[in-house]
Amino acid sequence: LSMREPLLVHHWSALILIQAGKVPDKAAIDSWWDLTREEWRGRVAIPDPAIDKRSAYFFVTFAQHAEDLARAYRVEFGRELVLGPECPDAACQWMVDLLRNEPRVLASDAEVAAWVSDPAASMGRVGICGSEQLAKVQRGKLSLSAVSDIAPAAGLLWPTYLAMVVEGQNPYAARVMIHWLMSDTVGDGAYAPWYEAGLYPARVDMPDPPGSVPRGDLEPRLWLLDARFALDHEWIVRDWVKGAMEDKVVR
């Protein structure tokens, strides 16, 4: 990710897979295809892509990487993926298989994090969730860990941009504000409200907030939303998701 083009990035987070427990269980899941297995039926949560835009873009971005998902399937199961009649590629098939495996569909990733971390759950749970929810682990509110070593990618990178509005009334004040927001290098000045686990500074000279997955391990394994692809394909992906969700999801 370029931190200056097309707009200046202030910080970024990621939509990733989380699991219950503060210590990652590396043996549990190593592929997104694991979530389609019978043993994970009803044990996966996602933010509702019909109302959560970031979740919708997560699925759109995965749709752009159908060939990567096909390769991941071959590695995971040792055979070629057989597509159902409703699916043109591996990305569609992954979405359909996941959403027919009775996931819990919730209104937000905050609800996903709480559901995954529920100590009353009799079996382990996982969920697709914003990395910023890991800050609640640092505050002792949840027991979660990130599943970052997963094929074919760790998830969706989500940048937060800074920009000046065209013909704004106070361009010089806006410029000073942006300069101030980007001037912090230690996390206790202008950046302090965002210096929490799961939020990553655009400045590489600022250390990762405590409790974060090291950005050097996570960032190279994230996919970035392609705005043009999303514009052309979002409605197609929404149809796939809607069709798969009609009968099998749990709310």
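This is a short conversation about how to read the structure shown above.

Visitor: Before we start, what kind of model is this?

Guide: This is a predicted model, where local features need pLDDT of at least 70, side-chain atom pairs count only at pLDDT 80 or more, and totals for chains, interfaces and linings use all residues. Residues are numbered from 1 along each chain as its sequence is written, and side-chain values use heavy atoms, with hydrogens and water left out.

Visitor: How many helices and strands does the protein have?

Guide: Helices (H or I, at least four residues) and strands (E, at least two) are DSSP runs, numbered from the N terminus. Here the protein has eight helices and eight strands.

Visitor: What does the radius of gyration tell me about this protein?

Guide: That radius is taken over C-alpha atoms, and the globule rule is 2.2 Å times the number of residues to the power 0.38. For 251 residues, a compact globule would have a value near 18 Å, and the protein's 19 Å agrees with that. The C-alpha trace spans about 55 × 40 × 30 Å along its principal axes.

Visitor: What share of the residues is buried?

Guide: Buried means under 20% relative accessible area, exposed over 50%, and partly exposed in between (1.4 Å probe, protein chains only). In this protein, 48% of the 251 residues count as buried.

Visitor: And how should I read contacts between residues far apart in the sequence?

Guide: A contact means heavy atoms within 4.5 Å. Among contacts with a separation of 6 or more, 73% involve residues 24 or more positions apart.

Visitor: Where are the cis peptide bonds that I should look at?

Guide: Look at the angle omega. From Glu5 to Pro6 the bond is cis, with omega near 0°, and Pro6 sits in the segment before β1 (8-20). Another cis bond joins Ala151 and Pro152, where omega is about 5°; Pro152 belongs to the loop between β5 (144-147) and β6 (155-162).

Visitor: What is notable about the phi angle of Glu102?

Guide: Glu102 is not a glycine, yet its phi is positive, about 55°. You will find Glu102 in the loop between α3 (90-99) and β3 (104-106).

Visitor: What about Glu167?

Guide: Glu167, also not a glycine, has a positive phi of about 60°. Its place is the loop between β6 and α6 (171-182).

Visitor: Are these two residues buried, partly exposed or exposed?

Guide: Glu102 has a relative accessible area of 29%, so this residue is partly exposed. Glu167, at 79% relative accessibility, counts as exposed.
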